Amino acid sequence: MQNSKLLLPLTLSAVFGGAIALTGSHFLSSDKKFSSFEDKQKYYLSNFLSDTSLAANTPGGTNFVAAAEITSPAVVHIKTYFEQKESSQQFNQQLDPFFREFFGDDFGGRLPRNNKPQEASGSGVIISNDGYIVTNNHVIENADKIEVILEDKRSYTAKLIGKDPTTDLALLKVEENSLPFVRLGNSDKVKIGEWVLAVGNPYDLTSTVTAGIVSAKARNINLLRSKENFAVESFIQTDAAVNPGNSGGALVNLRGELIGINTAIASPTGSYSGYSFAVPVNLVKKVMDDLLKFGEVQRGLLGINIQDVNSQLAKEKGLKDIKGVYVAGVTEKGAAKEAGIKEGDVILKVDEQKVNSTAELQEAVAKHRPGDKVNLQILRDGAEKQISAVLKNRVGTTEVVKVTDGKFTEKLGAEFVELTSAEKKKFKIESGVKVTNIKKGILQDVGVKEGFMITSINKTKVKDPNDVLEILETPRKGGVLIEGVYPNGKTDFYAFDN
């Protein structure tokens with residue numbers, strides 16, 4: 001298989017999937033609460049649009065016109081700006097080898113030659129009329145400023161609501177109402193051989209639409225890299241032409257429904273060579289809802305090591321059928337262990353959904369949060385068995401954590417989550433907050449690493465993320481002293497001027 005490449009943000013990638021043009025109605029009033037983006041869309045569609053206006057009612061076949069027309073208004077161009085402080089030689093030395101391979105040693109001629117701000121671009125998809133936009137994490141990663149340009153050329157500075165490197169997704173927000181949006185579809189119902197469209201701005205060619213078919217589902221191409229090995233890859237593969245600039249754009253069916261976010265291509269050159277890959281929309285919906293509600297993705301984990309079942313493994317393990325996903329190991333105190341799953345079991349279904357690859361199993365579980373119960377059908381010693389497991393988070397509890405949002409987090413360049421009871425017990429501390437999502441800011445400058453658990457600031461105990469803001473915003477003379485402990489048990493402190 002050809003080398004897989006991320007579609008770097010060089011232009012905008014298109015959105016496709018049922019862009020519903022709004023007509024000035026300010027639905028979703030500020031006092032109206034919704035549990036998900038899908039609920040927000042359903043509320044609008046049922047209250048402000050007649051059924052005859054939906055793309056879902058357009059004729060099928062191979063007529064792409066209706067889907068293209070309703071999608072294009074919700075395709076946005078995302079431009080990202082970076083303050084450049086290093087020389088081109090310094091920047092080149094720091095450039096990820098993966099991206100150097102994609103664009104060459106001089107980054108396609110865009111390596112900084114001076115201290116002027118640098119820029120790149122990609123695509124995004126509007127998913128609600130009040131300005132929420134989904135894109136790829138690699139489109140906006142490390143950007144100092146994010147600009148969103150609509151099809152009608154209106155321009156906005158976007159706020160980053162949250163990002164998830166493990167799925168390469170990010171959620172943005174622009175302050176506007178009555179925007180067109182793309183109708184969310186159901187990727188579980190997508191069929192191999194089905195016609196699809198990709199809409200985006202490859203190479204700055206705005207609102208470009210290409211067509212193809214779904215070539216495969218649940219592709220794991222070992223593309224995403226996660227420090228903590230929690231990356232989820234279960235891509236929809238298509239032969240619709242996708243190029244640099246399509247990153248973050250939409251893959252839609254002929255009903256104009258969003259079925260995926262275009263993320264990667266398989267190419268030895270960096271340009272389209274036959275196949276592209278999209279994050280399935282059912283996973284996108286869960287990630288976007290988490291980012292809006294909690295500030296970070298809530299990953300529910302089974303706590304198992306898994307392998308695809310092939311003929312060789314089946315022979316080695318004495319398996320009668322080549323199906324399901326093999327459990328190669330079980331984590332102590334994990335959800336699977338507590339539910340009674342054992343090494344050597346074969347998982348056949350998750351909540352009635354068949355799983356025949358590690359990618360399918362990871363996607364099925366990734367749609368859930370810690371504390372959710374999943375029903376598993378397993379094969380053990382030739383007999384099928386039903387087991388229910390309550391998923392846990394990364395630290396072994398069923399709790400969800402929420403990132404605080406405050407103006408001082410931007411200055412510090414980090415987000416903070418309250419410690420779980422398990423973490424407090426493990427490190428023998430009464431309270432504290434964990435530093436997550438570090439980017440440019442004070443904490444990065446003084447050397448704080450992600451995972452550092454702050455126990456006190458200026459000798460005042462920190463109980464939750466709000467304490468961080470309150471303590472640091474209290475007028476005082478002198479500097480700031482932060483004390484805490486790392487996950488390896490090492491205590492440390494950091495000082496900086498207020």
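**Exercise 1. Find which residue of E25 is the bridge partner of Val-433, and place that pair in its strand surroundings.**

Solution. In E25, Val-433 has Ile-454 as its bridge partner. The model is a predicted one, in which local features need pLDDT of at least 70 and side-chain atom pairs count only at pLDDT 80 or more, while totals for chains, interfaces and linings use all residues. Residues are numbered from 1 along each chain as its sequence is written, and side-chain values use heavy atoms, with hydrogens and water left out.

Step 1 is to name the strands. Strands (E, at least two residues) and helices (H or I, at least four) are DSSP runs, numbered from the N terminus. Strand E24 covers residues 433-436, and strand E25, residues 453-457, pairs with E24 in the antiparallel sense over 2 bridges; two strands are said to pair if DSSP finds at least two bridges between them.

Step 2 turns to another partner of E24. Strand E23 (residues 415-418) runs antiparallel to E24 and is joined to it by 4 bridges, with Phe-416 standing opposite Val-435.

Step 3 concerns the faces. In a regular strand the side chains alternate between the two faces of the sheet. In E24, Val-433 and Val-435 lie on one side and Lys-434 and Thr-436 on the other, and all are buried, which leaves both faces covered; buried means under 20% relative accessible area, exposed over 50%, and partly exposed in between, with a 1.4 Å probe and protein chains only.

**Exercise 2. Determine where Asp-464 is found and which residues it is in contact with, leaving aside its neighbours within four places in sequence.**

Solution. Asp-464 is found in the loop between strand E26 (460-461) and helix H13 (465-473), and it is partly exposed, with a relative accessible area of 25%. Beyond those sequence neighbours, Asp-464 is in contact (heavy atoms within 4.5 Å) with Glu-418 and Val-433. As a check on the backbone, Asp-464 and Val-417 are 7.4 Å apart in space, C-alpha to C-alpha, and 47 residues apart in sequence.

**Exercise 3. Decide whether Ser-276 is buried or exposed, and identify the backbone oxygen that lies 3.3 Å from a polar atom of its side chain.**

Solution. Ser-276 belongs to strand E16 (residues 275-280) and is buried, with a relative accessible area of 1%. The backbone oxygen in question is that of Ala-240. Not counting residues up to four places away in sequence, Ser-276 touches several residues, among them Ile-236, Gln-237, Thr-238 and Ala-240.

**Exercise 4. Count the aromatic pairs and characterise the pair formed by Phe-37 and Tyr-132.**

Solution. The structure holds 7 aromatic pairs, where rings of Phe, Tyr and Trp (its six-membered ring) pair if their centres lie within 6.5 Å, and planes under 30 degrees apart count as stacked, over 60 as edge-to-face and the rest as tilted. Phe-37 and Tyr-132 form an edge-to-face pair, at 5.3 Å centre to centre and 70° between the planes. This pair links distant parts of the chain, since Phe-37 is in helix H1 (residues 37-48) and Tyr-132 in strand E5 (residues 132-135), 95 residues apart. Phe-37 is buried at a relative accessible area of 2%, and Tyr-132 also counts as buried, at 13%.

The next pair is Phe-235 with Phe-277, whose ring centres are 6.1 Å apart and whose planes are at 55°, so the pair is tilted. Because Phe-235 lies in strand E13 (residues 235-238) and Phe-277 in strand E16, the pair ties together parts that are 42 residues apart in sequence. Both Phe-235 and Phe-277 are buried.

**Exercise 5. Give the order of the 7 strands in the open sheet that contains E5, and name its edge strands.**

Solution. The order is E7-E6-E3-E4-E5-E9-E8, with antiparallel pairing. Strand E7 (155-157) and strand E8 (159-164) are the edge strands, each pairing on one side only, and the twist averages 30° from one strand to the next. Within this sheet, E5 and strand E9 (residues 169-173) pair over 4 bridges in the antiparallel sense, and Thr-135 stands opposite Ala-170 in E9.

Technical notes:
Polar contact = N/O pair within 3.5 Å; in protein donor to acceptor, adjacent residues only side chain to side chain. Axes fitted to C-alpha atoms, helices over the stretch in contact; angles between N-to-C directions.
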